Amino acid sequence: MRKHALIAALALALLAGPAHAQISDGIVKIGVLNDQSSLYADLAGQGSVVAARMAVEDFGAAAKGLKVEIIFADHQNKADVGSQIARQWYDAEKVDLILDVPNSGVALAVNQITRDKGKAFIVSSAASSDLTGKACSPNTVHWTYDTWALANGTGNAIVKTGGDSWFFITADYAFGHALERDTEAVVTKSGGKVLGKVRHPLNNQDFSSFLLQAQASKAKIIGLANAGGDTTNAIKQGAEFGIVKGGQNFAGLLVFLTDVHALGLEKAQGLIFTETFYWDLNERTRAFGKRFAERNRGIHPTMIHAGAYAGTLHYLKAIEALKSDDGAKAVAKMKEMPTDDPLFGKGTVRADGRKIHPAYLVEVKKPTESKYPWDYYKIRTTIPADQAFRPIDQGDCPLVKK
Amino acid sequence: MSTLLGIPPQALFGQLLIGLINGSFYALLSLGLSVIFGLLNIINFAHGAQYMMGAFVAYFLLQYAGLGYWWALLIAPVLMAGLGMALERTTLKRLYHLDHLYGLLLTFGFALIIQGVFRNEFGSSGLPYPIPPQLTGGQNLGFMFLPNYRAWVIVFSVVICLGTWYVIERTKLGAYLRAATENPALVRAFGINVPRMITLTYGFGVGLAALAGVLAAPIYQVNPLMGADLIIVVFAVVVIGGMGSIMGSIITGFALGVIEGLTKVFYPEASNTVIFVIMAIVLLIRPTGLFGRAQ
Amino acid sequence: MSAIRAELEDGTTATAPTVMLRHQAVAFVVMVAVLAVLPFFVYPIFLMKALCFALFACAFNLLIGYVGLLSFGHAVFLGSAGYVTAHTAKVWGWPPEVAILAGTATAAALGVAVGALTIRSRGIYFANITLALAQMIYFFCLQARFTGGEDGIQSVPRGMMLGFLDLRHTMAMYFVVLAIFLAGFLLVYRTIHSPFGQVLKAIRENEPRAISLGYRPEHYKLIAFALSATLSGLAGGTKAIVFQLASLTDVHWTMSGEVVLMTLLGGLGTVFGPVMGAFLLTTIEHYLAQLGAWVTIVQGVIFVVCVLAFRRGVVGEIARLIRKPL
């Protein structure tokens with residue numbers, strides 16, 4: 001129980017006065033909030049904490065005299081748990097920045113609370129493009145990816161490379177619907193056709209009946225508008241039913257390195273999807289990948305982990321320049337300063353909070369093509385940064401002047 | 001192309017077959033639950049977790065001992081049965097004199113512990129387990145491509161289910177079991193070791209769950225949560241079939257698999273709910289289930 | 001669950017019908033005093049969570065401890081009230097007290113409906129059918145547009161209570177929640193220690209006899225069920241305002257499992273047990289949130305330990321020590 005913490009916090013707030021000229025209580029406290037125990041534990045989880053720590057070290061916080069502390073908690077994919085932790089962190093534990101937060105529902109809740117309390121929020125995991133659209137906030141930066149980028153990257157690129165007839169297998173909840181809707185829009189705009197769609201319950205074990213329908217449709221591409229276990233299950237069972245052998249291809253709309261690892265190349269080969277980071281892209285990402293893997297039980301970084309690292313790094317640079325950790329000001333500074341990190345290269349943070357960087361259309365290698373552990377992807381195309389994300393005027397973000 | 005109920009008949013048959021395959025799992029799992037409830041009067045809420053452990057044993061056997069699927073089919077159920085019996089001996093035994101609901105709560109607690117521990121250790125992305133080489137590939141049946149492994153699942157489940165039913169309903173051992181359910185004191189007076197039978201029965205039920213787990217490992221991802229929501233569905237199957245009725249569980253398991261499969265074609269969003277709707281209806285009309293006896 | 005109650009009953013005396021027993025009154029005063037002072041030392045949002053769950057557990061305990069029915073789907077009352085309150089407050093702009101009442105009324109109506117369908121069963125069958133109906137309601141909440149599905153209903157305004165009390169101030173919110181909790185608690189207490197409660201007890205102990213005396217058990221059980229559902233709804237509606245959010249978690253069957261655990265841990269069939277159980281469990285979950293999957297493991301361990309060796313629960317054991325019912 002926090003003894004006197006509330007009184008202390010109140011007193012400090014009164015004494016601190018206008019806090020813009022100093023780091024609150026001398027410590028920059030970063031809270032990594034994500035799913036540590038279920039659906040998203042491997043693609044984010046402890047790995048994001050490791051990534052954040054690496055960012056703090058690489059920034060050289062200690063040498064610069066900046067005290068940074070990192071704490072973490074498990075929101076269990078529940079909006080109420082997540083929002084309670086966020087509130088507690090901001091009210092009683094003096095956290096300045098919340099990082100990560102997979103699960104759009106939780107992210108939206110934290111987004112609101114961060115805004116109410118004037119802190120900062122860097123989303124690395126959640127997908128909802130509403131975070132830089134209707135729900136955009138001056139206290140939030142949306143890193144890594146969003147549903148629009150995925151739909152656009154994967155949909156566009158696949159149609160251009162010949163995949164012009166689609167069948168959707170969609171998780172029946174808001175995120176799945178959004179992904180399906182966005183991808184369908186892109187496919188039809190690029191000249192493709194959607195031959196059918198089917199919705200399945202979230203966390204579904206058995207896809208055989210949906211796969212059968214997909215096969216019967218004879219669509220060239222089976223779009224998987226789902227994530228995590230649903231995606232890997234669909235793919236695994238697809239292999240059983242000879243989908244790929246029968247000439248159809250899966251398009252994963254939200255797939256991570258860890259999903260491919262769980263499936264194994266035998267089952268995942270040929271899968272096409274969009275990511276914004278791959279550890280084996282270039283020398284700098286490779287170096288990061290190896291260092292990260294050593295600290296994370298051999299698991300190589302997903303784009304989420306990369307986003308956690310890069311976001312933290314940019315935040316610390318902003319704090320250093322600003323000499324204050326006030327939430328809205330820090331985010332404003334992050335938008336002002338161009339980004340440059342070893343993982344995403346050079347980029348910017350837009351007025352609506354959207355971080356801009358290139359995206360990559362990747363294809364999973366065949367088992368014979370993979371030469372060393374975690375050598376899973378070949379890059380099909382690079383989507384330039386200015387095309388990878390939704391144009392700023394199409395998002396209905398109130399912060400953006402029309 | 002002519003259509004039946006709005007979709008081509010070939011597609012319908014395909015879905016029915018798929019439903020039958022799912023029904024096999026429901027039947028196997030509800031069989032174990034039913035056997036346990038029949039004799040011990042305990043709802044084994046840990047059944048889903050034990051199913052999951054069966055799949056994990058298969059995974060470990062492959063990973064660390066190089067023993068493949070066929071070995072797992074043999075070893076996993078026996079191993080889990082042993083663990084189940086140990087559990088029964090040390091904990092469940094103490095609750096028989098109390099309200100049955102304590103047994104439910106205890107096994108619920110075990111399920112939470114087991115699932116939590118496994119989740120801690122193995123995360124939840126799922127671990128890969130290959131289909132045994134003898135069963136890969138499939139048959140093109142014209143209206144669908146049926147993977148060999150799935151056909152094997154149906155055949156094997158039917159054999160196990162019928163075998164179990166036969167043992168319980170038609171053999172002397174089964175007769176003792178059924179008698180012990182009705183009047184343990186009297187059966188004991190005849191010199192039959194009823195507590196031991198109860199222990200063995202629990203072990204057998206758990207073994208059936210583990211067997212289902214091994215069967216599931218190649219086609220569903222081996223992950224710590226694989227039994228968590230399944231247990232509620234199996235629960236429903238047992239209740240509809242009639243608690244304690246062996247044939248009831250088997251028939252209902254297959255039937256509900258088929259019904260769920262059909263729902264997936266016509267109204268997929270409801271495929272999770274349809275079993276509960278049926279359960280609610282059945283319970284309101286016949287509170288002891290379709291084939292159950294009044295307790 | 002008559003066997004459970006019988007076990008708890010050893011050594012405890014009969015309850016007086018209208019006046020609060022002295023030691024219980026003392027305990028009540030202590031509880032109120034502690035709860036009034038605590039928010040100045042402990043993070044109030046955490047306390048409010050515990051209070052909402054305490055009310056939920058008290059409502060649940062009415063059903064299991066005093067009627068003897070284990071409902072494995074009680075979360076639906078908590079959750080559906082939460083959704084209705086959230087919706088009316090956010091989308092229709094109703095003031096918080098009306099929104100909470102709306103939620104409570106919804107839970108009451110649902111309680112009557114579910115109760116009417118299920119009250120004829122008992123024991124395991126009752127648990128089954130409540131679970132089945134709960135699952136159906138869960139899937140309805142999942143599909144229905146207004147609940148927001150996986151995202152839930154977010155950014156629910158705290159509003160102005162009775163037109164003048166700004167609930168955005170944490171302390172104001174806290175004392176409102178405390179008042180609601182105490183009202184619910186006292187209502188449960190009055191129900192138990194009333195002629196109605198006596199009849200319930202009679203039914204639980206010997207139903208055929210009660211029938212022969214002219215009582216209709218179904219009616220009494222239904223009323224108790226509806227009351228339990230209503231108070232659960234009150235807890236759910238309040239919770240939605242406090243956390244400014246209504247989500248699927250509150251209608252999922254694991255939440256039903258949690259309230260069982262709280263009541264079991266605190267002490268089935270005791271007056272203060274559910275409150276203790278709710279506070280203990282909320283505290284444990286709060287501290288273990290840092291440790292991820294350990295939450296479920298610890299919950300499981302508590303279940304096992306309670307069932308095997310600690311069936312009276314914390315308050316039950318204390319009651320046994322002082323030889324008075326609590």
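Trainee: Let's start where chain B meets chain A in this predicted model. How many residues of chain B are in contact with chain A, and which element of chain B gives the most to that side?

Mentor: Happy to start there: 32 residues of chain B are in contact with 30 residues of chain A. On the chain B side, α1 (9-40), β2 (145-147) and α10 (246-266) each supply at least two residues. With six residues, the element that gives the most is α1(B).

Trainee: How do the residues on that side of chain B divide by class?

Mentor: Keep the side of chain B that touches chain A in view. Its residues divide into 15 nonpolar, 13 polar and four charged.

Trainee: Now the other partner of chain B. Which helix supplies the largest share of the side of chain C that touches chain B?

Mentor: Here 33 residues of chain C are in contact with 33 residues of chain B. Four helices of chain C, α1 (2-8), α6 (123-143), α11 (253-266) and α13 (294-309), each bring at least two residues to that side. The largest share, twelve residues, comes from α6(C).

Trainee: And how many charged residues does that side of chain C have?

Mentor: By class, the side of chain C that touches chain B has 24 nonpolar and nine polar residues. The number of charged residues there is none.

Trainee: Within chain B, are helices α6 and α8 roughly parallel or roughly perpendicular?

Mentor: Take the contacts as a starting point: Y176(B), L177(B) and A180(B) in α6(B) meet V194(B), M197(B) and T201(B) in α8(B). By class, this contact has five nonpolar, one polar and no charged residues. The helices, α6 (172-182) and α8 (194-216) of chain B, pack at about 110° with their axes 11 Å apart. That angle makes α6(B), relative to α8(B), roughly perpendicular.

Trainee: On to chain A and its open sheet of five strands. Why do β2(A) and β5(A) each have one side without a neighbour in the sheet?

Mentor: The strand order is β2-β1-β3-β4-β5 in chain A, with parallel pairing. Neighbouring strands of this sheet are turned by 20° against each other on average, direction ignored. As for β2 (67-74) and β5 (140-142) of chain A, each has a single partner strand, so one side is left without a neighbour because they stand at the edges.

Trainee: Which residue of β5(A) stands opposite V123(A)?

Mentor: Strand β4 (120-123) of chain A runs parallel to β5(A), and three bridges join them. Opposite V123(A) stands H142(A).

Trainee: Which helix packs on that sheet?

Mentor: Look for a helix that touches β1 (27-34), β3 (97-100), β4 and β5 of chain A. Its direction makes about 160° with that of β3(A), and it spans residues 303-322. This is α12(A).

Trainee: Chain A also has hairpins. Which residue in the turn between β12(A) and β13(A) has a positive phi?

Mentor: One hairpin, with three residues between its strands, is formed by β11(A) and β12(A). In the next, two bridges join β12(A) to β13 (355-356) of chain A, which run antiparallel, and V349(A) has K355(A) as its bridge partner. Five residues lie between β12(A) and β13(A), and the one with a positive phi, about 95°, is G353(A).

Trainee: Last one: how far apart do the C-alpha centres of the two domains of chain A lie?

Mentor: The domain assignment gives domain 1 (26-145 + 282-353) and domain 2 (148-275 + 359-386) of chain A. Their contact takes 14 residues from domain 1 and 13 residues from domain 2. The C-alpha centres of these domains are separated by 28 Å.

Definitions and conventions. Residues numbered from 1 in each chain as written. Chains lettered and ligands numbered in written order. Predicted model: local features only at pLDDT ≥ 70, side-chain atom pairs only at ≥ 80, totals over all residues. Contact = placed C-beta atoms within 7 Å. Nonpolar A, V, L, I, M, F, W, Y, C, P; charged D, E, K, R; others polar. Pairing = 2+ DSSP bridges. Axes fitted to C-alpha atoms, helices over the stretch in contact; angles between N-to-C directions. Parallel < 35°, antiparallel > 145°, perpendicular 65-115°, else oblique. Domains from an automatic or database assignment.
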